[in-house]
Amino acid sequence: MAMPFASAEPPVAEGFGGTVPPESREPLDVRPRITELRLSAFAGHRGAGFPLGAVTLFAGPSGSGKTTALAAYEALARLAGGAPLVEAFPDPVTCVPDRARPDAEGRRGFRIGCTADGAEGPVRLDVAVQAEPQLRIVGERLSAGEIVLLQTALRDPGRRAVQAAWHTAGTAPVTRAPLPDDRLGTALLPLRVAGKTDGQRRVLAAAEQMVVALRSVFVCDPRPDCMRTPVPTGSGRLMPGCDNLADVLWRTRTECARRHGRLVEALRAGCAGPVYDLIAEPLFDGTVRALLDRGDGHRTELARLGEGELRYLAHTLVLLTGPGVLAMDPPGEVPDALRSLTVLADGFDRSLDPGQRRSLLRLAAAMGEFGHIRLVAAVNDASWCVGAEGVTVVHLNRDGTP
């Protein structure tokens, strides 16, 4: 199996390089966020790099790799949260490029990466994964500019560990130690780096920026059939399928009247008939159901709404809420004001009519302006949103290229 990263890449450096005079610096957006997704060799993608803005739509025909791109993002998020490789890539062989040939030892793999921007500037993460014959990380690089802050490599295939070297810039330029080959080394750095030197502190700051940016992800794929039935009261945290939407409304309707008012206002643009309010009603058996208040004494159960209306309702609720209401594991050590939540939505336009699509896109763009909510979604056709302000559209061909 070839080396995961070319030797032409810069080695782990000893110094930080030049600095920018304070008077020439622009104000920084300190919220960590992913600004680029790289699929160097992943499923149907080769040498692909996709810019990610506040609202990013992957568009293209079936088989162009829209879902694959979102799956790669989700896998990186799982790894940043400390998940082992087998959880991030439950079927790793499907991630290997179709025509990739094994080396003399029968090894095949894939490479993915991303860039996280924030207070530390752009920080790059690139990961090489061996899928066959054993699932393992065989190379990882965390870098900022010309400085390689962490680099790992598989030196002994017989050991379940990689050799890691991270930037120190002290009496020794780097520190070397083994790391497990089934976890993301960047996520483990806070447990291994002492932070005694400027170099170590920079490594920790860059690793934290990357981990915070990746972990702040909520995968949303509403399931209308499950949303139509009453649900037991529970944690009040919205599941990825939005099955428990009624339970969440039971909680959020009284928590934030302003947010609930915005939700109702948005529903007027996406639901048929008049919408005066959206309420949650407890039932005698301990469950709760959601209903639209039509304003004339009549209420409509969600079971009577169309699939497009339910998906529109679910996406609207997600875009108007935050990590405290979503079933996710955000980095609790970072205040909400310093995080950007990224919503991953495959089939974002599924079952939606043109008016619903445009209304959701306007809401996503408006929320993106505040910097706290970002959207990365896949759509079949993006002709309806070309030129929309605040929206990045990535058009994919059937071969996965932009």
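A cavity here is a set of grid points where a 1.4 Å probe fits but cannot get out. Keep that in mind for this tour of a predicted model.

**Stop 1: the cavities**

Three cavities reach 30 Å³ or more. Go to the largest cavity, which holds about 80 Å³ of space. To display its lining, select M227, R228, T229, P230, A246, R289, A290, E301, L302 and A303.

**Stop 2: helix α6**

Stay with A246 from that lining. A246 is also one of the buried residues of helix α6, residues 245-255. Add the other buried residues of the helix: L245, D247, V248, L249 and T252. Now show what they pack against. On the helical side, select α5 (224-227), α7 (257-270) and α8 (307-320). Then select the strands β11 (231-232), β12 (277-282) and β13 (287-293).

Next, pick C242, in the loop between β11 and α6. Check its backbone: phi is near 60 degrees, a positive value in a residue other than glycine. Is C242 buried or exposed? C242 has a relative accessible area of 0%, so it counts as buried.

**Stop 3: the largest nonpolar core**

Nonpolar side chains tend to be buried together in soluble globular proteins. The largest nonpolar core in this model has 63 residues. Helix α1 (residues 66-80) gives the largest share of this core, nine residues. Apart from this core lies another, of 55 residues. To find that other core, select L305, L310, M328 and L361, which are among its members.

Return to the largest core and centre on F89. F89 and L142 have the most contacts inside this core. Which residues does F89 touch, leaving out those up to four places away in sequence? Show F42, A75, L79, C95, F110, I112 and L135.

**Stop 4: aromatic rings**

Keep F89 on screen and hide the rest of its neighbours except F42 and F110. Ring pairs link F42, F89 and F110 into a cluster. The model has four aromatic pairs in total. One of them joins F50 and F58. Put a distance on the ring centres and an angle on the planes. You should get 5.3 Å and 90 degrees, an edge-to-face pair. F50 counts as buried because its relative accessibility is 0%. F58 is buried too, at 0% relative accessibility.

**Stop 5: strand β8 and its partners**

Select strand β8, residues 161-167. Six of its seven residues are buried, so the strand is largely enclosed by the rest of the structure. Add strand β7, residues 147-153, which runs antiparallel to β8 and is joined to it by four bridges. T152 stands opposite A164 in β8.

Now add strand β9, residues 174-180. β8 and β9 also run antiparallel, with seven bridges between them. Look for A161 opposite P180 in β9. β8 and β9 form a hairpin, with six residues between the two strands. In that turn, stop at A169, which has a positive phi of about 55 degrees.

**Stop 6: two loops to check**

Select A43, in the loop between β1 (33-42) and β2 (45-51). A43 is not a glycine, yet its phi is positive, about 55 degrees.

Finish at P133, in the loop between β5 (123-132) and β6 (136-144). What kind of peptide bond joins E132 and P133? The bond is cis, with omega about 0 degrees.

Technical notes
Residues are numbered from 1 along each chain as its sequence is written. This is a predicted model: local features need pLDDT of at least 70, side-chain atom pairs count only at pLDDT 80 or more; totals for chains, interfaces and linings use all residues. Side-chain values use heavy atoms; hydrogens and water are left out. Rings of Phe, Tyr and Trp (its six-membered ring) pair if their centres lie within 6.5 Å; planes under 30 degrees apart count as stacked, over 60 as edge-to-face and the rest as tilted. Buried means under 20% relative accessible area, exposed over 50%, partly exposed in between (1.4 Å probe, protein chains only). Two strands pair if DSSP finds at least two bridges between them. A nonpolar core is a set of buried Ala, Val, Leu, Ile, Met, Phe, Trp, Tyr and Cys residues joined through side-chain atoms within 4.5 Å. Contact means heavy atoms within 4.5 Å. On a 1 Å grid over the protein atoms alone, a cavity is a set of points where a 1.4 Å probe fits but cannot get out, and a pocket is an open set with protein on both sides within 12 Å along at least five of seven lines; lining residues have an atom within 4 Å of a point. Grid points are joined across faces, edges and corners, and a volume is the space filled by probe spheres set on the points.
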